[in-house]
Amino acid sequence: MITLRCVFFLAVTFVILFSCRWIGILVLYTVHKGQFDCIGGGLLHSYFLVLLILLAAIICALSAIVCISMRGTISNPGPRKSLPKLLYTRLLLYLPEFIWAVVGAVWVSDSSMHCEKTVMNVAFGTVVASWIIIIFTIIGVIIVFDPLGGKKTIYLTDGVNRNLESSQSGQLLYNVKNTATRVWEKRIRLLCCCIVQDDDHRVAFTSIAELFRAYFSDTDLVPSDIAAGLTLLHQEQDKMESCPKEPEEVLCHSPSSPVTDDLDIELENAAHYMRFAAAAYGWPYYVYTNPFTALCKLNGDCCGNRPTDSDITGSDRHNFHFGSILKITGLQYRDFIHISFHNKIYEIPFFVALDHKKEAIVVAVRGTLSFEDILTDLSADCEDLTLEDVLENGFVHKGITQAANYIYRKLINDGILNQAFTIAPEYKLVIVGHSLGGGTASILAIMLRNSFPTLKCYAFSPPGGLLRLSMPNMEDLKRRIVRIVANCNRPKYQILLHGCWYEVFGGDPDNFPTELDGRNQDDLTQPLLAEESLMVHRSPSYNALEDESHLNSPPQYPHLYLPGKIIHIVEESSSRRLCSSDIKYTASWSKETVFSSILISPKMITDHMPDVVLKALNSLAQEQGACISCQTRDFNTNIV
């Protein structure tokens, strides 16, 4: 089953593609019309004529699909009820299109044809273009094809109205869930086909597939629906932000207050240690921030100085990673105790170095940079974590905790920290990281707290800074998207076109309705599954958060919070659009509950990048204070 709501943009793309192709073939046919008087020329003449007629029929079918697809709204497909017939018509046209492409390939490859070289080249190019379009069309159909089809309705969570007690119903539900899990697992394996897959990867694939299956089981939103929902949510946020704030929502400290002085000190420390967190990314970060000079500098300098081979694990071809770390941190090669470039799922690179400026032994953990790291990020199940005198019955992110365990074993069991403190016994221990590295650094610091009570951790934009990556927050985002697209009475193409204009050029948020518009229920022949299952019943994982269980068992996906003290950095610019250049930053202490909801911004990805975080911290460290206002957007830096 192909989800109908994703048809419009595909149809528009193909209308443009086939129209350009039809015009090009018509021009070539007209120009070379008098050159078919040759051996086999009649066949080529017939090929072009039939192809023009066939393409015209396809363009008409696609144009009709576009016109019908523009009717109705995302959650009101009634006006589009004739769309399946048009899709079947287009599907039937694939057969003659494929047959004629085969015929064209046979005729063009026939050695008995003796026409002018220009005519043969035109025919050959036309046949090749036909096959390219057919292949990409098949790939597109495979991507948007949903193997479950209408079986998704089984996921609706109202158990009272559905007899799932019988063995037959239970077996059906079990089979559908297994099928959905296998579908997601195949997709993940396909995306990760370039990496070597072992038992750990297979376990991770299954775990992530289960998570995706549970998350998407009660909704049939397509990517363009999600894009429209995110656009509407961002405009709704901007309208709310433009409203006057309550007095208690704005906190200002006098320049001489102890709170501000403490904040200034921590901002200076954070700016210093962010260089170590950024350096952990190695040469990709250095080249990204110095695109014109990085390779020349690395080629000239990085091959001479490096620690002994016993201090480095993992591959560092041409010594580019270590050379970049030296450039970014400004340290000498002798200041490094251990460097690990080893990277597998749940095992991420890190380095240990002596920071003489701050008299600290720094453990810097790398953030997300590989497919293995992405799999670690997506292993978002909760694990129990209990540490004596530090944490009792805590819930932590599974993938991040596994990564922290790996580094903990290396630091303690391999004697890396003992070696460092033997060299500099008076130094303090500082753990830093950005993104995935920030989350790992936070958990690692908790694990090391008993052994090193005075340690400090600086976690920059940890999982919580970009997407607050926990299932409850993702469930909340899904419900907000479903609610706002269900309430909006505009066609999706209008939402997306206005949204693109708004994000790029600015302007006022569109006045989209916030309540259901009383549409005719007879037209709702195929309402969103999520409109029933989420807005009325909610999904199983969401119910687990709010319903009290008589079994007193912990919820499957409990709320996860950022640990420690949190500094929230806010961008304040003259223009809020992507092209703005006048940027200023403010910072304030914040609470972990402030980040309980995902906020939508066109810069949410760029603001997460380590170079942007470092730039903001350097700017704040130089300014050293001002009136700080608490807002809840962009990225955060939390300090354990």
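This is a short walk through the structure shown above, which is a predicted model.

Let us begin towards the start of the chain. An unreviewed UniProt entry carries the annotation "transmembrane region" for residues 7–32, 44–70, 91–109 and 121–145. Two of these stretches can be compared with the model itself. Residues 44–70 are 96% helix and 0% strand, and the C-alpha atoms at the two ends lie 39 Å apart. Residues 91–109 give 95% helix, again with 0% strand, and here the end C-alpha atoms are 28 Å apart.

Now move to the nonpolar interior. The largest nonpolar core has 45 residues, and those touching the most other members are Tyr273, Phe336, Phe351, Val432, Phe460 and Leu617. Helix 8, which runs over residues 258–279, gives the most to this core, with ten residues. Tyr273 is a good place to pause. Leaving aside residues up to four places away in sequence, Tyr273 touches Asp355, Lys358, Ala360, Val362, Lys428, Val430, Val432, Tyr458 and Phe460. Apart from this core lies another one, of 36 residues, whose members include Leu44, Ala61, Val122 and Val127.

Charged side chains come next. The structure holds ten salt bridges, and three of them make a useful tour. In one, Lys565 pairs with Asp262, with 3.5 Å between the closest N and O atoms. This pair links distant parts of the chain, since Lys565 sits in strand 9 (residues 565–573) and Asp262 in helix 8, 303 residues apart. Lys565 counts as partly exposed because its relative accessible area is 43%. Asp262 is also partly exposed, with a value of 29%.

Helix 8 takes part in another such link. The side chains of Glu266 and Lys456 meet in a salt bridge, at 2.9 Å from N to O. Once more distant parts of the chain are linked: Glu266 belongs to helix 8 and Lys456 to strand 8 (residues 456–460), 190 residues apart. Is Glu266 buried or exposed? With a relative accessibility of 7%, Glu266 counts as buried. Its partner Lys456 has a relative accessible area of 25% and is therefore partly exposed.

The remaining salt bridge on this tour joins Asp476 and Arg480, whose closest N and O atoms are 3.5 Å apart. Asp476 and Arg480 are four residues apart in helix 16 (residues 471–487), so about one helical turn separates them. Both Asp476 and Arg480 are buried.

What about cysteines? With sulfur atoms required to be within 2.5 Å of each other, the number of disulfides comes to zero. Two cysteines illustrate opposite surroundings: Cys60 counts as exposed, at 56% relative accessibility, whereas Cys457 is buried, with a relative accessible area of 0%.

Finally, look at helix 13, covering residues 398–413. How far apart are its end C-alpha atoms? At 1.5 Å a residue, its 16 residues should span 22 Å, and the end C-alpha atoms are indeed 22 Å apart, so expectation and model agree. Many positions along helix 13 can be named as buried: Lys398, Gly399, Ile400, Thr401, Ala403, Ala404, Tyr406, Ile407, Lys410 and Leu411. After helix 13 comes Gly415, which has a positive phi, near 70°.

Methods
Residues numbered from 1 in each chain as written. Predicted model: local features only at pLDDT ≥ 70, side-chain atom pairs only at ≥ 80, totals over all residues. Heavy atoms only, no water. UniProt positions renumbered as here; feature names shortened; annotations may be inferred. Expected span 1.5 Å × (residues − 1). Buried < 20%, exposed > 50% of the residue type's maximum accessible area, 1.4 Å probe, protein only. Core = buried A, V, L, I, M, F, W, Y, C linked by side-chain atoms within 4.5 Å. Contact = heavy atoms within 4.5 Å. Salt bridge = Lys/Arg side-chain N within 4 Å of Asp/Glu carboxyl O.
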